[in-house]
Amino acid sequence: MVQSRRAHNADDTRNESADRKPSVAVENLSLTYSDGTEAVKGISLSIPKGEFFGFLGPNGAGKTTTIKMLATLLEPTDGTVRINGYDATSERTAVRGTIGYMAQETSVDEELTAKENLRFACEAYGVARAQREGRIDELLDLVDLADVSDTPAEQFSGGMKKRLDAATALVHDPELVFLDEPTTGLDPKARNRLWAYFERINENGTTIFLTTQYLEEADQLCDRLAVIRDGTLVEDGSPDELKRRVGGARLEIDVDGGPAAVTEATDIARNSALFEPDVAVDTTEDGLRVTTQFASDHGTELLVALRDAGISVSGFDIEEASLDDVFLAIADDQADNLEQPGEGSA
Ligand SMILES: Nc1ncnc2c1ncn2[C@@H]1O[C@H](COP(=O)(O)OP(=O)(O)OP(=O)(O)O)[C@@H](O)[C@H]1O
């Protein structure tokens, strides 16, 4: 008789599923709440193992709803979700064995010490008894709470509680961890410590799915970002790609010769094929501002064209876009016109 080779413990589960990349594979995922709210409308997404992935979007865009479906806490209305190779609907238990989930609200038990919280999480996640104490010590070290391991969590600062909460999501050494706005409400120092910790677990091979309101956080930590708006994915790329493609870098050019020279320079920039099809040209007090994804590539060529037309340039600056610019462009209808048809949507 053939013995079932189905995995029964965390290690076997990990080995079996490790071969089945990617960490997240989503096709046409939708969720409509019972009151008719279409929170997620047919998104598709693939996240390779080991990626530090950022999921951004304005309030109410559908981030938490998506995370909950990926973490098997909500059943999709439509579409498929595979997590670490397992189907999130028909193989829910297997999925749960390979993921960690840190919700927006901390799940730390205030009456328990740091160590007791982690012991409780080990039981909940079925970590083998023999491995528990070693794993707990390792995690307390990782999140810098070893010195206060026997202190009740009610005496911890907000940042310490968040770090403990993150540690509890990792007791079973998951392949993928979901972090839903993990640093909201923390001061910059506490936020920085958590960032260092997330970077460390990612370096150890854990795939991270992060949502955050802090664009600086996304910029610093994430390999790749996707932006959701009104339940639909509207952008997907590395932070630098999005800055170039969506935010648009700016050329600030001052010219000598008064309004006539400014008008002529503006016409040259507008009619130049260098920046097509994605360019906005505005006049400024002493010259012009060119906003385009091609600013760094073709800025000097524009200067040459101005010189050839006999225009004297008195000032020149390139300002790279920030993720804030990306967000503004996505939120702002006018700036949406900068998106290239077919290229702006993921
Ligand atoms: N249980 C629910 N029943 C009905 N509608 C809901 C429910 N939960 C969320 N929604 C709605 O679904 C949409 C998406 O909400 P979701 O919480 O997923 O967005 P989000 O991007 O995570 O927002 P935030 O950043 O504010 O947490 C919103 O319009 C929200 O009001």
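**Note on the predicted model: sheets, domains and core**

1. In strand β2, E38 is the bridge partner of T32. This pair belongs to a predicted model, and it serves here as the entry point to the sheet around it. Strands β1 and β2 run antiparallel and are joined by seven bridges.

2. The sheet that holds β1 and β2 is open and has four strands, in the order β2-β1-β4-β5, with antiparallel pairing. Its edge strands are β2 (38–47) and β5, each of which pairs on one side only. Strands of a sheet pair through backbone hydrogen bonds, in either a parallel or an antiparallel manner.

3. On the other pairing of β1, this strand (residues 24–32) runs antiparallel to β4 (residues 78–83), and five bridges join the two. Within β4, the residue that stands opposite A25 is R82.

4. Strand β4 also pairs with β5 (residues 86–87), again in the antiparallel sense, over two bridges. I83 has Y86 of β5 as its bridge partner. The two strands form a hairpin with two residues between them, and in this hairpin N84 takes a positive phi near 50°.

5. A second open sheet has six strands in the order β6-β7-β8-β3-β9-β10, and its pairing is mixed. Which strands stand at its edges? They are β6 (99–102) and β10 (232–237); each has a single partner strand, so one side of each is left without a neighbour in the sheet. From one strand to the next, the twist averages 15°.

6. The pairing of β6 with β7 (residues 176–180) is parallel and extends over four bridges. In this pair, M102 stands opposite L179 of β7. Helix α9 (residues 239–247) packs on the sheet, where it touches β9 (224–229) and β10, and its direction makes about 110° with that of β10.

7. The loop between α9 and β11 (249–255) contains G248. Is G248 buried or exposed? It is buried, because 25 other C-beta atoms lie within 10 Å, where 20 or more suffice for that class. G248 and S44 are 204 residues apart in sequence, and their C-alpha atoms are 26 Å apart in space.

8. The domain assignment divides the protein into domain 1 (10–236) and domain 2 (243–336). Taken over C-alpha atoms, the centres of domain 1 and domain 2 are separated by 41 Å. Eight residues from domain 1 and six residues from domain 2 take part in the contact.

9. On the side of domain 1 that touches domain 2, the elements giving two or more residues are α8 (215–221), β9 and β10. Of these, α8 gives the most, with three residues. The residues on this side of domain 1 comprise five nonpolar, no polar and three charged.

10. The largest nonpolar core has 91 residues, and those touching the most other members are L70, I83, L164, V177, F178, F209 and A265. Where does this core lie with respect to the two domains? Domain 1 (10–236) and domain 2 (243–336) both give residues to the core, so it lies between them. In soluble globular proteins, nonpolar side chains tend to be buried together.

11. Several of these core residues appear elsewhere in this note. I83 is the residue of β4 that has Y86 as its bridge partner in β5. A265, leaving aside its neighbours within four places in sequence, is in contact with I253, V255, G287, L288, L306 and I311. L164 is one of the buried residues of helix α6.

12. Helix α6 (residues 158–168) is mostly covered, with nine of its 11 residues buried. The buried residues are M160, K161, K162, R163, L164, D165, A166, A167 and T168. Among the elements that cover them are β6, α4 (114–124), α5 (129–142) and α7 (188–203); β6 is also an edge strand of the six-stranded sheet.

13. For the protein as a whole, the secondary structure comes to 13 helices and 14 strands. Of its 346 residues, 43% count as buried. Among contacts between residues at least 6 apart in sequence, 70% join residues at least 24 apart.

Note on methods
Residues numbered from 1 in each chain as written. Predicted model: local features only at pLDDT ≥ 70, side-chain atom pairs only at ≥ 80, totals over all residues. Pairing = 2+ DSSP bridges. Axes fitted to C-alpha atoms, helices over the stretch in contact; angles between N-to-C directions. Contact = placed C-beta atoms within 7 Å. Domains from an automatic or database assignment. Nonpolar A, V, L, I, M, F, W, Y, C, P; charged D, E, K, R; others polar. Core = buried A, V, L, I, M, F, W, Y, C linked by C-beta atoms within 7 Å. Buried ≥ 20, exposed ≤ 12 C-beta atoms within 10 Å, placed from the backbone.
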